Amino acid sequence: FLIMLSASVINDTAFHPPTFILLGIPGMQDQHVWAAIPFCSMYILALVGNGTILYIIMTDRTLHKPMYLFLCLLSITDLVLCSTTLPKMLTIFWFKSHIISYHGCLTQMFFVHTIFATESAVLLAMAFDRYVAICRPLHYTSILNAMVIGKIGLACVVRGLLFVFPFVILIKRLPFCGHHIIPHTYCEHMGIAKLACASIKPNTVYGLTVALSVTGMDVVLIAASYSLILQAVLRLPSKDARFRAFSTCGAHICVILIFYVPAFFSFFTHRFGHQVPPHVHIIFANLYLLVPPVLNPLVYGINTKQIRLRIFVFFMGRR
């Protein structure tokens, strides 16, 4: 009986290792201490920026309007997105705490992909909000009332949960045969799947399907929304109004590109970019989780006159 129990434990360990080891940025282990400084600084900026936006919107009832409620939801997803990976990354860089439990790794993977999918849906909702505000201004309040906004927010979260949960099932079915070193700063689906000693074709196919049909469709719809918005802006009679609209839309589009380009680069590098240096891949994989949470409060928040004014009043009132 003891022999059978021992064999069972060994087989289970081989199938699912109790822990994984996150290497950090491959080839840059000697620079981890210094690399952590800009990452930590950006994380603090993301926390302060998004926390300030949330506080301003939640405490000022005059800002309880569709555009600001979507911005509030974006700030929440930004805070969760960067907080899912940055604290563990900093412990790897500064304290050499490379070990993460098997279930902890799967939990991190689940939240990283779920929040990314949720934020993608929120960006699409915000593009739709701008389209209605500019192209259908007379119907704005009737189309985007409180109930509709609540349903859109819930749909963003539920969609992410439904499409990402199969990732956990696909990983749990894989045997790892003692392979447990992940050359990354955090746990993501394909980074874990590549360690398996069995076919990962279902993981690859499902991952591609989700990326192209869900996130890819978000990109197409966002592009279509801004195309219609720009057409409407070109018809504005005032040159000054056109300039303000162009500058606002341009800033929004830049932040959206910063969110999607590194994400798709990381995603396709896992599958096709075998010539890409590992440290380049890992750095890009961290950019889409950290740079947008830093920039979104500036572009969507401080760039908005009403929020900028309330932030000024808030800080002046503190003095």
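Lys96 is exposed, with a relative accessible area of 63%. In this predicted model, the residue is found in the loop between helix H3 (66-95) and strand E2. The phi angle of Lys96 is near 55°, a positive value in a residue other than glycine. A positive phi of about 50° is also assigned to Cys177, again not a glycine. Cys177 is placed in the loop between H6 and E3. With a relative accessible area of 43%, Cys177 is partly exposed, since the value falls between the limits of 20% for buried and 50% for exposed residues.

The overall architecture may be described next. The protein contains eleven helices and three strands. Read from the N terminus, the elements follow the order α-β-α-α-β-α-α-α-β-α-α-α-α-α. The C-alpha trace spans about 80 × 45 × 40 Å along its principal axes. The radius of gyration is 22 Å, which agrees with the value near 20 Å for a compact globule of 319 residues. Of these 319 residues, 46% are buried. Among contacts between residues at least 6 apart in sequence, 79% join residues at least 24 apart. The exposed surface of the protein amounts to about 16,000 Å², of which carbon and sulfur atoms supply 74%.

The strands are connected through E1, which comprises residues 19-22. Strand E1 is joined to strand E2 (residues 99-101) by three bridges, and the two run antiparallel. Within this pairing, Thr19 of E1 is located opposite Ser101 in E2. With strand E3 (residues 181-182), E1 pairs in the parallel sense over two bridges. Here Ile21 stands opposite Ile181 in E3. In a regular strand, side chains alternate between the two faces of the sheet. In E1, the covered face carries Phe20 and Leu22, whereas the uncovered face carries Thr19 and Ile21.

Phe20, on the covered face of E1, has a relative accessibility of 0% and therefore counts as buried. The aromatic contacts of the model include this residue. The count of aromatic pairs comes to 13. One of them is formed by Phe20 and Phe176, with 5.6 Å from centre to centre and 75° between the planes, an edge-to-face arrangement. Because Phe20 lies in strand E1 and Phe176 in the loop between helix H6 (146-172) and E3, the pair ties together parts that are 156 residues apart in sequence. Phe176 is likewise buried, its relative accessible area being 0%. The loop that holds Phe176 is also the place of Cys177, for which partial exposure was noted above.

An edge-to-face arrangement is also found for Phe167 and Tyr206, because their ring centres are 5.4 Å apart and their planes stand at 80°, an angle over the limit of 60 degrees for this class. Phe167 belongs to helix H6 and Tyr206 to helix H8 (residues 201-234), so this pair links parts that are 39 residues apart in sequence. The two partners fall into separate accessibility classes: Phe167 is buried, with a relative accessible area of 7%, while Tyr206, at 22% relative accessibility, counts as partly exposed. Beyond these pairs, one aromatic cluster is formed by Phe116, Phe259, Tyr260, Phe264, Phe267, Phe268 and Tyr288.

Helix H9 (residues 239-272) contains Thr269. Thr269 has a relative accessibility of 8% and so counts as buried, the limit for this class being 20%. A polar atom of the Thr269 side chain lies 2.5 Å from the backbone oxygen of Phe265. When neighbours within four places in sequence are left aside, the contacts of Thr269 are with His274, Val276 and His281.

Methods:
Residues numbered from 1 in each chain as written. Predicted model: local features only at pLDDT ≥ 70, side-chain atom pairs only at ≥ 80, totals over all residues. Heavy atoms only, no water. Buried < 20%, exposed > 50% of the residue type's maximum accessible area, 1.4 Å probe, protein only. Helix = DSSP H or I, 4+ residues; strand = E, 2+ residues; numbered from the N terminus. Pairing = 2+ DSSP bridges. Polar contact = N/O pair within 3.5 Å; in protein donor to acceptor, adjacent residues only side chain to side chain. Contact = heavy atoms within 4.5 Å. Phe/Tyr/Trp six-rings, centres within 6.5 Å; stacked < 30°, edge-to-face > 60°. Rg over C-alpha atoms; globule rule 2.2 N^0.38 Å. Areas by Shrake-Rupley, 256 points an atom, 1.4 Å probe, with all protein chains shown as cover.
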